Amino acid sequence: MTTDNNPPQDTNQIIEERRGKLAELRQNGVAFPNDFRRKDLAGDLQIRYGARVKEELESTPVNVTVAGRMMLKRVMGKASFATIQDSGGRIQLYVSNDDTGEAVHSAFKHYDVGDILGAKGVLFKTKTGELSVRVSELRLLTKALRPLPEKFHGLTDQEQRYRQRYVDLIVNEDTRRVFEVRSKAIQAIREFLVNRGYLEVETPMMQPIPGGAAARPFITHHNALDMQLYLRIAPELYLKRLVVGGLEKVFEINRNFRNEGISTRHNPEFTMLEFYEAYQDYQYLMTLTETMLRDVAQKVLGTTRVPYQGHEIDLSQPFPRLTAVQAIQKYNQGYTDAMLANREAVIDTLKRLEASYKPKDSLGGLQLSLFEATTETALIQPTFIVDYPAEASPLARRSDSRPEITERFELYIAGREIANGFSELNDPEDQAARFMEQVKQKDAGDHEAMHYDADYVRALEYGLPPTAGEGIGIDRLVMLLTDSPSIRDVILFPQMRGV
RNA sequence: GGGUCGAUAGCUCAGUCGGUAGAGCAGCGGACUUUUAAUCCGUUGGUCGGGAGUUCGAGCCUCCCUCGACCUACCA
């Protein structure tokens with residue numbers, strides 16, 4: 001019953017009927033009680049008592065107190081069954097006139113699927129062998145006004161699954177599993193690094209100068225300081241300041257924000273691991289990365305052979321380390337050394353492939369564009385691509401033997417970039433020059449070019465020890481570990497267009 | 001940004017050639033004391049995403065808009 005003073009409520013017959021049931025509950029006492037204490041989880045009971053035979057449960061009764069959401073309900077006159085679900089699994093309740101009295105059982109008949117119940121009773125096995133609770137006390141703890149999706153098909157509409165994740169989590173066990181794996185994977189990474197002496201830190205999400213990556217930032221404003229701030233695109237420059245400060249092994253797992261397109265592989269906010277270790281180089285990082293990914297997969301999935309979208313990703317073997325040119329030649333026909341070393345030939349090929357590239361790039365940059373156009377998606381099994389051109393890597397250390405390239409790698413798995421690491425540039429004068437070059441590109445209209453960060457250069461002038469640093473995209477790693485085709489499947493509340 | 005496909009009951013989906021809006025589940029009423037997506041009988045429930053147009057008549061045809069999925073582009 002709404003009046004003009006009430007906000008409009010979207011409603012239907014089912015919700016109206018349930019509101020009526022709730023109104024009745026309010027009249028009979030506390031409609032939303034919070035004095036019921038659960039003692040047992042369904043999953044634990046299944047593990048501990050699921051294997052016991054009928055007679056054991058009868059001779060030594062096990063009293064339990066369970067609570068959860070009613071997912072299935074089967075009423076048969078003077079006795080009923082219900083299946084409740086809690087965070088650890090499901091268990092069946094048996095409610096009968098004999099055990100609870102007719103009044104409680106009659107009330108139960110009007111409970112709805114989706115309601116949250118608390119029950120006390122003893123464990124027993126039904127004649128089909130299902131572990132169940134013979135309920136002696138039953139309470140409705142929370143009335144659900146909205147009906148759950150259909151019990152067999154569940155919720156399949158992608159939009160509703162993303163927008164109403166709470167419903168998705170209630171009815172889709174796979175969704176719950178994805179986010180359990182995500183949590184465990186992050187936990188495993190944290191343990192891996194902490195066990196190696198790393199210190200976990202938190203650095204600014206709001207930065208006066210957005211740095212550490214080539215990307216368009218979100219802009220915001222601080223009123224009291226009357227100051228423009230950017231949501232960070234990467235923590236990199238702050239983490240290296242910490243290494244300057246003597247925190248020789250640091251890592252951060254946190255959100256980055258990039259004001260760019262949304263796709264099955266891109267969300268405006270995403271979670272990144274970045275870690276830095278003094279007195280190491282990029283070769284060390286590649287080995288460490290292999291070890292870490294193996295360790296995480298083993299801990300989380302119990303295997304290092306990970307099924308992904310019809311492929312089996314094998315993390316157990318050393319990952320090949322190829323230059324972009326070597327990878328092009330390995331995965332494509334007809335690219336000779338001479339052709340790939342010829343600037344004009346590479347540009348002709350890029351044009352023929354209608355690939356994007358910057359005409360004023362060095363040969364290395366053009367080769368990289370050709371790699372991205374021809375080879376990237378073919379790198380299903382883990383592969384390191386090494387030796388990136390300096391112009392594309394303004395924060396990476398130059399190779400001593402070939403100053404036009406940097407000691408940098410990217411790790412590709414399932415055709416996507418998963419990690420990016422390098423020996424850090426710790427020469428403050430080279431860094432200043434490279435920032436200047438970025439500023440020149442920004443002035444020329446490149447929105448993704450970096451800002452000049454004078455304080456960062458000043459930090460380098462105090463001396464950054466030789467250091468190796470890496471970033472790993474957590475969401476993409478979790479996609480891999482959960483066989484998820486879209487990044488939205490591994491982010492609880494992915495960004496959606498406003499309704 | 002470009003392309004393809006989609007939106008019908010709370011959920012999962014049908015809807016033929018343009019001719020009164022359908023099913024299953026859920027709900028409501030009834031039967032049923034070991035069910036397993038319980039079963040059986042009866043029954044309520046619709047702004048066919050929104051708007052305009054064509055037509056005697058539009059869920060269906062045309063146009064515009066909104067939202068989504070996928071592919072593609074930029075990127076991690």
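Gly 68 stands opposite Leu 117 in strand 4, and that's a handy way into this predicted model. Local features here need pLDDT of at least 70, side-chain atom pairs count only at pLDDT 80 or more, and totals for chains, interfaces and linings use all residues. Residues are numbered from 1 along each chain as its sequence is written, chains are lettered from A and ligands numbered from 1 in the order in which they are written, and side-chain values use heavy atoms, with hydrogens and water left out.

**Strands 1, 2 and 4**

- Strand 1 (residues 63-75) and strand 4 (residues 116-125) pair in the antiparallel sense over seven bridges. Strands are DSSP runs of E with at least two residues, helices are runs of H or I with at least four, and both are numbered from the N terminus; two strands pair if DSSP finds at least two bridges between them.
- Strand 1 also pairs with strand 2 (residues 79-86), again antiparallel, over six bridges. Here Lys 73 has Ala 82 of strand 2 as its bridge partner.
- Three residues sit between the strands in the hairpin of strand 1 and strand 2, where Gly 77 takes a positive phi near 85°.

**A three-stranded sheet**

- Strands 7, 9 and 8, in that order, make an open sheet with antiparallel pairing. Its edge strands are strand 7 (206-207) and strand 8 (219-222), each pairing on one side only.
- Strand 8 meets strand 9 (residues 227-231) over four bridges in the antiparallel sense, and Ile 219 has Tyr 230 in strand 9 as its bridge partner.

**Strands 16, 17 and 18**

- Strand 17 (residues 416-423) is mostly covered, with six of its eight residues buried. Buried means under 20% relative accessible area, exposed over 50%, and partly exposed in between (1.4 Å probe, protein chains only).
- On the strand 16 (residues 408-413) side, six bridges join the antiparallel pair, and Phe 409 has Gly 421 of strand 17 as its bridge partner.
- The hairpin of strand 16 and strand 17 has two residues between the strands, and Ala 414 takes a positive phi near 55° there.
- Strand 17 is also joined to strand 18 (residues 467-473) by five bridges, antiparallel once more; Asn 420 stands opposite Gly 471 in strand 18.

**Around RNA strand B**

- Of the 58 residues around RNA strand B, Glu 17, Thr 128, His 266, Ser 356 and Arg 476 come nearest. A residue is near a strand if one of its heavy atoms lies within 4 Å of it.
- Those surface residues divide into 15 nonpolar, 20 polar and 23 charged. Ala, Val, Leu, Ile, Met, Phe, Trp, Tyr, Cys and Pro count as nonpolar, Asp, Glu, Lys and Arg as charged, and the others, Gly among them, as polar.
- A polar side-chain atom of Lys 21 lies 2.5 Å from a phosphate oxygen of RNA strand B, while an N or O atom in the side chain of Glu 130 is 2.7 Å from a base nitrogen.
- Helix 6 gives the largest share of this surface, five residues.

**Nonpolar cores**

- The largest nonpolar core has 47 residues, and Ile 189, Leu 193, Leu 273, Phe 275, Met 292 and Ile 413 touch the most other members. A core is a set of buried Ala, Val, Leu, Ile, Met, Phe, Trp, Tyr and Cys residues joined through side-chain atoms within 4.5 Å.
- A second, separate core of 23 residues includes Leu 45, Leu 57, Ile 84 and Val 135.

Methods. Polar contact = N/O pair within 3.5 Å; in protein donor to acceptor, adjacent residues only side chain to side chain.
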